[in-house]
Amino acid sequence: MAEIKKATGFVDWLDQRLAIKPLLKVLMTEYWIPKNINFLWAMGVVLLTLFSILFVTGLFLLMYYKPDVNLAFDSVNQVIMQEVAYGWLWRHLHAVAASLIFLIIYIHMFVAIYYGSYKKGREIIWISGMLLFVCFSAEAFSGYMLPWGQMSYWAAKVITELFANVPLIGDGLVVWIRGNYYVSDATLTRFFMLHVVLLPIVIIAIIALHFYSLRVPHVNNQEAEEFNFEREAEKFKYGNKKESKVIPFWPAFLSKDFFVVSVFMIFFVYLVCFHFNFAMDPINFDPADNMKTPSHIYPEWYFLWSYEVLRGFYFDIFGIPAMSIGLIAFGLAQVIFFLLPFLDRDPKVIPAHKRPLFRIWFWVLLVDLIFLTLYGKLPPGNDIYSLFISNNLAGFIATIIFIALFVLLPIITAIERKNRGGAK
Ligand code: HEM
């Protein structure tokens, strides 16, 4: 055993047993971050804050929630919302954080796309981030089921039914996922298990991987400037702080992040206190009724773009049913962002404002996704006309543009690489 001396204080006592000083050095005071980054690089810490809020508020909700089809609705809408002191506050904090985490995830993703932070050397950061996106989507979907309102029930029915289209095993798969031939108590309890146990554990593990994967390639910067981190860190350590291009994660970088998190929290608390309804669907305040289909079923706002891709193909093509094409496009939309580091054929990390073609690609993608999101909320059919074309046609065109963008990406990035004069 290592020699244990009389400790000079509590920190020293801990250090002799857990080696916390070297650990803090590696993780905090000598973990180097580029200086040349803006507030958009604080989104990762905002996400961590939101996830912590979801975790803590979820624990409080769990104390009164009942995962049973006969009790779930009342345990949320009667017990938590009306009877338990401040139960409504915990619920609104949880619901608003769940909605906002997607807004910030999208901002975080698009910042990474704009600055090329997914490229060569950073693939694992990107892929672990995408895994987080998928897990958060599953977490949000399973959470949406728990109040067992009309939308909970019908969303569960529609989404689980999609699996029936998997060739050969489709029907069996649906029964396996639901735990029954129809959406029932078994379905609720297994989604409850996913929401409160399995997915949170997986998410925490992937967040650890996401952070770890940042260490070797380091955090990118606004101009994608490549420099020697060790040399810049030496400059900082030996007092040449102004000239050094890096700052330590703690206290310099995190203190800036705390400022952004604080401003964000003002916005967050404002929404919780004054606009909490935006995170809840009014139809979900009616108890689940399998005999009464809501006239218009739609997902939460953050799934609308992919929902619109699913129903974008509203007519059969060459005899292939519209539903099957929509499903293939939907499946593709779920995985295509994973492939971004490999579809981009220009390995050099360069921000979009220095890549003329990619810059256009980026903005078209962003506008198209916003468009798909807006149209995803509208009821299907030709009856509401906007921009002089029907909803269906507008959704179809936006879906085709979405697919075309990913077909074009390797081509335009290869052209840009050639124009730049090579792979470096
Ligand atoms: C709750 C989920 C997430 C958390 C807590 C998280 C956290 C972080 C943190 C703290 C950083 C470093 C600082 C920064 O750039 O903000 C970071 C960087 C990064 N994240 Fe995430 N992230 C999450 C989800 C995602 C998602 C969904 C993606 C995209 C698919 C993603 C992709 C990236 C990339 C590419 C970087 C590197 C940025 C750079 O080098 O400049 N992250 N993340």
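How are H5 and H6 oriented to each other, roughly parallel or roughly antiparallel? The legends below take up that question along with some other views of this predicted model.

**Figure 1. The whole chain, to get your bearings.** Before zooming in, note that the protein chain of this predicted model has 16 helices and four strands. The C-alpha trace spans about 70 × 60 × 45 Å along its principal axes. For 424 residues, a compact globule would have a radius of gyration near 22 Å, and the 24 Å of the protein chain agrees with that.

**Figure 2. Helices H5 and H6 side by side.** Here is the pair from the opening question. The axes of H5 and H6 cross at roughly 160° and come within 11 Å. Angles over 145 degrees count as roughly antiparallel, and H5 and H6 are therefore roughly antiparallel to each other. The crossing in which H5 passes H6 is left-handed. From H5, the contact takes in Ala-98, Ile-101, Ile-105, Met-109 and Ala-112. From H6 come Trp-126, Gly-129, Phe-133, Phe-136, Ala-140 and Gly-143. By class, this contact of H5 with H6 holds nine nonpolar residues, two polar ones and no charged ones.

**Figure 3. Helix H6 again, now with H9.** The axes of H6 and H9 come within 9 Å, and their crossing angle is roughly 160°. H6 and H9 are therefore roughly antiparallel to each other. H6 passes H9 in a left-handed crossing. On the H6 side, look for residues including Ile-125, Ser-128, Gly-129, Leu-132 and Glu-139. Among their partners in H9 are Leu-188, Phe-191, His-195, Ile-203 and His-210. The contact of H6 with H9 has 15 nonpolar, six polar and one charged residues.

**Figure 4. Helices H3 and H11 in contact.** What angle do H3 and H11 make where they pack? The angle is about 55°, and the axes of H3 and H11 lie 9 Å apart. That makes H3 oblique to H11. The crossing of these two helices, H3 and H11, is right-handed. Val-45, Val-46 and Thr-49 of H3 meet Asp-257, Val-260, Val-261 and Phe-264 of H11. Sorted by class, the contact of H3 with H11 has five nonpolar residues, one polar and one charged.

**Figure 5. The surroundings of the ligand.** How many residues surround the ligand? There are 25, and the closest are Gly-44, Ala-112, Ser-117, Gly-129 and Asn-220. Helices H3 (43–62), H5 (87–114), H6 (123–145) and H9 (185–212) are the elements that give two or more residues to this shell. The shell around the ligand has 18 nonpolar, six polar and one charged residues. Two of these names may look familiar: Ala-112 belongs to the H5 side of the contact with H6, and Gly-129 to the H6 side.

**Figure 6. Two backbone details worth a closer look.** Most residues other than glycine have a negative phi, and most peptide bonds are trans. Where does Ala-19 lie? Ala-19 sits in the loop between helix H1 (10–18) and helix H2 (20–29). The phi of Ala-19 is near 50°, a positive value in a residue other than glycine. The second detail is the peptide bond joining Trp-250 and Pro-251, which is cis, with omega about 5°. Pro-251 lies in helix H11, the partner of H3 in the oblique pair.

Conventions. Residues are numbered from 1 along each chain as its sequence is written. This is a predicted model: local features need pLDDT of at least 70, side-chain atom pairs count only at pLDDT 80 or more; totals for chains, interfaces and linings use all residues. A residue is near a molecule or strand if its C-beta atom, placed from the backbone, lies within 6 Å of it. Ala, Val, Leu, Ile, Met, Phe, Trp, Tyr, Cys and Pro count as nonpolar, Asp, Glu, Lys and Arg as charged, and the others, Gly among them, as polar. Axes are lines fitted to C-alpha atoms, for helices over the stretch in contact, and angles run from 0 to 180 degrees between N-to-C directions. Angles under 35 degrees count as roughly parallel, over 145 as roughly antiparallel, 65 to 115 as roughly perpendicular and the rest as oblique. A crossing is left-handed if the near helix is turned anticlockwise from the far one by less than a right angle, and right-handed if clockwise. Two residues are in contact if their C-beta atoms, placed from the backbone, lie within 7 Å. The radius of gyration is taken over C-alpha atoms; the globule rule is 2.2 Å times the number of residues to the power 0.38.
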